Amino acid sequence: MQGPVISILIPFKNTAAYIAECLESIVQQSFSNWEVLAVNDHATDGSLRIVNDFMAKDKRIKCFSNKGSGIIEALRTAYANSKGLLITRMDSDDIMPPNKLQYMSAALLANGRGHIAIGQVQYFSESGISNGYQRYQDWLNKLTQGGVNYTEIYKECVIPSPCWMTYREDLDACGAFEPHRYPEDYDLAFRFYERGLKCIPCTELLHYWRDYDTRTSRTSEHYAQNYFLDIKLHYFLKLEYDIGRPLTVWGAGNKGKTIAKGLISKNIDFYWLCDNPNKIGKVIYDTEMMSYTVLKNLENPQSIVTVANDEAQAMIRNFFSGLQQTHAKDYFFFC
């Protein structure tokens, strides 16, 4: 029995070295009722020629030009030309295992609307994978295994991009690709979360992420740390912040300072806390640094934690536990 059409959205720009392998991995899928909407984002190498060669051989592959510039506008173009009941996206330098579309579509059909199918991911690179990428991969896969991705959404992007699939109407309800906010995959993950789409647990490896020095996520300013922090603060204030509760920011490093400046720019009062004796009592941005023990005297506070060290985070969790406070409800790790 043939399943519903799956639309695969693929922006591409200067990935001639990899895009043939990407498209071939789609052609080789065990599930055949798909369409590729490839969008040329002003490539200056041989990418377009390769896509055209595939298009000539397979009518399921279509190619369009990006009238704007960048991934978001390319995704809008692809989506506007798609017809599938189920929507997913693909990076032009990555690879699908042969069962990806079959597995994810079956998961969605079994669970119905209001769900998002996700999968395990694996980095690969000719030069090897850094410890940071390995840690992110393992952390993300652990969340995906239990479908508990949203519990850590303020740390990093918890929906493996581009290893998700959802119903068109659910994507539309989340705003699809209309918001012009980078990193676009992280923003979309927050909108899935905001809409309440349930992550379907998955233990199957369904996507291979290629890493290399000129990958967009490494080189584009849109994926710099400040963009991630802006998104975190935007959605925290929209979805979690309770104006009736005292707000604290724990940490005085670069991330803590960025969050503090963001709150100050919005005229939001907060207590700025740390556990470094050398910083307690200092004034930064006209705000005095205070000991984290102040939390004991605040009534039902909410806290943003910008401390990244694993051991320190364990101590912080224990401290909040002693105050009968709950992670992802009363306090949120932003790193």
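Buried residues have under 20% relative accessible area, exposed ones over 50%, and partly exposed ones fall in between (1.4 Å probe, protein chains only). The model is predicted: local features need pLDDT of at least 70, side-chain atom pairs count only at pLDDT 80 or more, and totals for chains, interfaces and linings use all residues. Residues are numbered from 1 along each chain as its sequence is written, and side-chain values use heavy atoms, without hydrogens or water.

**View A. Domain 1 and domain 2 meet.**
The domain assignment, an automatic or database one, gives domain 1 as 6-223 and domain 2 as 229-333. Their centres, taken over C-alpha atoms, are 33 Å apart. At the boundary, 14 residues of domain 1 are in contact (heavy atoms within 4.5 Å) with 15 residues of domain 2. Together the two domains bury about 1300 Å² between them. Buried area here is the accessible area (1.4 Å probe) that two parts lose on being put together, summed over both. Carbon and sulfur atoms carry 55% of the area between the domains. Which three residues supply 48% of the area that domain 1 buries against domain 2? They are Y154, K155 and E194, and no other three residues supply more.

**View B. The span 7-172 carries a UniProt annotation.**
The record, an unreviewed entry, places the feature "domain: Glycosyltransferase 2-like" at residues 7-172. UniProt positions follow the numbering used here, feature names are shortened, and annotations may be inferred rather than shown by experiment. In the model, this span is 38% helix and 21% strand. Its end C-alpha atoms lie 14 Å apart. Helices (H or I, at least four residues) and strands (E, at least two) are DSSP runs, numbered from the N terminus.

**View C. Y154 meets F332 edge-to-face.**
Rings of Phe, Tyr and Trp (its six-membered ring) pair if their centres lie within 6.5 Å; planes under 30 degrees apart count as stacked, over 60 as edge-to-face and the rest as tilted. By this rule there are 28 aromatic pairs. One of them joins Y154 and F332, 5.5 Å centre to centre, with 75 degrees between the planes. Y154 sits in the loop between α5 (131-146) and β7 (164-167), and F332 in strand β15 (residues 331-333), so the pair ties together parts that are 178 residues apart in sequence. Are Y154 and F332 buried or exposed? Both are buried. The two rings also belong to one aromatic cluster. Its other members are Y186, F190, F228, Y235, F236, Y241 and F334.

**View D. W250 stacks with Y292.**
These two rings are 5.0 Å apart, centre to centre, with 15 degrees between their planes. W250 belongs to strand β10 (residues 247-250) and Y292 to the loop between β13 (287-291) and β14 (302-305), so the pair links parts 42 residues apart in sequence. W250 counts as buried because its relative accessibility is 0%. Y292 has a relative accessible area of 22%, so Y292 is partly exposed.

**View E. A lysine charge sits over a ring.**
The charged end of K155 sits over the ring of F333, 5.4 Å from its centre. The test asks that NZ of Lys or CZ of Arg be within 6 Å of the ring centre and within 35 degrees of the ring normal.

**View F. Two prolines follow cis peptide bonds.**
What joins S161 and P162? The link is a cis peptide bond with omega about 0 degrees. P162 lies in the loop between α5 and β7. A cis peptide bond also joins Y182 and P183, with omega about -5 degrees. P183 is in the loop between α6 (168-173) and α7 (184-195).

**View G. Two asparagines have positive phi.**
Phi of N14 is near 55 degrees, a positive value in a residue other than glycine. N14 lies in the loop between β1 (6-12) and α1 (19-27). Its relative accessible area is 36%, so N14 is partly exposed. N300 also has phi near 55 degrees. The loop between β13 and β14 holds N300. At 43% relative accessible area, N300 is partly exposed.

**View H. G281 sits in a loop.**
That loop runs between β11 (271-274) and β12 (283-284). G281 has 39% relative accessible area, so G281 is partly exposed. Leaving aside neighbours within four places in sequence, G281 is in contact with E288 and M289. Its C-alpha atom is 14 Å from that of W250, 31 residues away along the chain.

**View I. R49 lies in helix α2.**
The helix covers residues 47-57. R49 is exposed because its relative accessible area is 53%. R49 and A16 are 33 residues apart in sequence and 8.7 Å apart in space, C-alpha to C-alpha.
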